[in-house]
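Good morning, colleagues. Please take a moment to look at the sequence and the structure on the screen before I begin.

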Amino acid sequence: MIPDRPVPLVNLPNILTVSRILLVPIGLIFLFQGDGHEPWWRVAAWTIFAIAAITDRYDGHIARKRGLITNFGKIADPIADKALTGAALVSLSILGDIYWWVTIVILSREIGITLLRLALLRYEVIAASAGGKLKTFVQICAIGLYVLPFPGFLEWFRFGFMALALLLTVGTGLDYIVKAVKIVASGRKRATNKTNSTESA
Ligand SMILES: O=P(O)(O)OC[C@H](O)CO
């Protein structure tokens with residue numbers, strides 16, 4: 001749906017996106033209560049994490065349905081996701097639940113792609129791809145399983161989710177890099193064509 005008037009910056013999808021960022025410190029406060037492994041505080045942290053994850057499901061959906069898509073939303077939505085998953089991953093590594101290398105690989109991809117997105121703003125906004133959205137969903141499920149107090153015999157289950165999250169994280173990261181190279185190359189080509197036509201005029 002194409003809106004016939006400018007889209008206001010303060011709209012429901014953007015409010016949901018910003019709320020996701022604001023929920024992060026609350027979840028962390030709950031997670032670090034006691035020695036960081038108190039079952040009920042873990043459940044409380046998971047609940048905040050789940051609410052934040054639900055806002056991720058709905059902000060994009062509402063924006064598309066009501067024609068409330070803004071460039072702010074396109075940039076802030078993935079950043080909010082990264083704040084949520086990044087903070088949770090670092091915290092879980094500090095608490096000894098997730099290997100640091102897993103957190104470092106995921107964070108490097110997330111920060112790298114965010115910087116790439118910002119650097120290419122003058123060409124175009126690279127919105128989240130379908131693969132990127134799936135990656136975030138699987139990451140959130142995997143992290144959620146690590147936040148919850150979990151019986152040891154089901155360890156392989158959350159391990160499998162995290163392995164899938166890692167694969168999708170790296171795979172979609174490479175996909176964005178290929179897209180970025182194409183955008184820059186076509187931008188250069190357009191600029192060169194423009195210069196040539198000005199010279200020959
Ligand atoms: O793949 P990214 O980095 O664009 O992230 C996808 C978003 O988190 C989807 O909401």
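I shall speak about the pockets, then about one buried residue, and finally about the first helix.

Let me say at the outset that this is a predicted model.

I begin with the open space. Rolling a probe the size of a water molecule over the atoms shows where empty space is left. In this model, the largest pocket holds about 840 Å³. Its lining consists of 41 residues, and those closest to the centre of the pocket are D56, D59, D77, D81 and K133. Which elements contribute two or more residues to that lining? They are α1, spanning 12–31, α2, spanning 39–65, α3, spanning 71–94, α4, spanning 100–119, and α5, spanning 130–147. The greatest contribution is that of α2, which supplies 12 residues. By chemical class, the lining of the largest pocket comprises 20 nonpolar, nine polar and 12 charged residues.

I turn to the second largest pocket, where the space amounts to about 170 Å³. The residues that line this pocket are D97, I98, Y99, W101, V102, Y146, E155, F159, M162, A163 and L166. Two or more lining residues come from each of α4 and α6, the latter covering 155–200. Here α6 gives the most, with five residues. The composition of this second lining is nine nonpolar residues, two charged and no polar.

A163, one of the residues lining the second largest pocket, leads to my next topic. V138 and A163 are separated by 25 residues in sequence, and their C-alpha atoms lie 9.8 Å apart in space. V138 itself belongs to helix α5. Is V138 buried or exposed? Its relative accessibility is 5%, and because buried means under 20%, V138 counts as buried. Which residues does V138 touch, once its neighbours within four places in sequence are left aside? The contacts are with F161, L164, A165 and L168.

Finally, I come to helix α1. With 20 residues at 1.5 Å a residue, α1 should span 28 Å, and its end C-alpha atoms are indeed 28 Å apart, so the two values agree. Where does α1 bend? A kink of about 25° is found at L23, shortly before the proline P25. L23 is also among the buried residues of this helix, together with P13, N14, L16, T17, R20, V24, G27 and L31. The cover over these buried residues of α1 includes α2, α3 and α5. Those three helices also appear among the elements lining the largest pocket, as does α1.

Thank you for your attention.

How values were computed. Residues are numbered from 1 along each chain as its sequence is written. This is a predicted model: local features need pLDDT of at least 70, side-chain atom pairs count only at pLDDT 80 or more; totals for chains, interfaces and linings use all residues. Side-chain values use heavy atoms; hydrogens and water are left out. On a 1 Å grid over the protein atoms alone, a cavity is a set of points where a 1.4 Å probe fits but cannot get out, and a pocket is an open set with protein on both sides within 12 Å along at least five of seven lines; lining residues have an atom within 4 Å of a point. Grid points are joined across faces, edges and corners, and a volume is the space filled by probe spheres set on the points. Helices (H or I, at least four residues) and strands (E, at least two) are DSSP runs, numbered from the N terminus. Ala, Val, Leu, Ile, Met, Phe, Trp, Tyr, Cys and Pro count as nonpolar, Asp, Glu, Lys and Arg as charged, and the others, Gly among them, as polar. Buried means under 20% relative accessible area, exposed over 50%, partly exposed in between (1.4 Å probe, protein chains only). Contact means heavy atoms within 4.5 Å. The expected span of a helix is 1.5 Å times one less than its number of residues. The bend at a residue is the angle between axes fitted to the seven residues ending there and the seven starting there.
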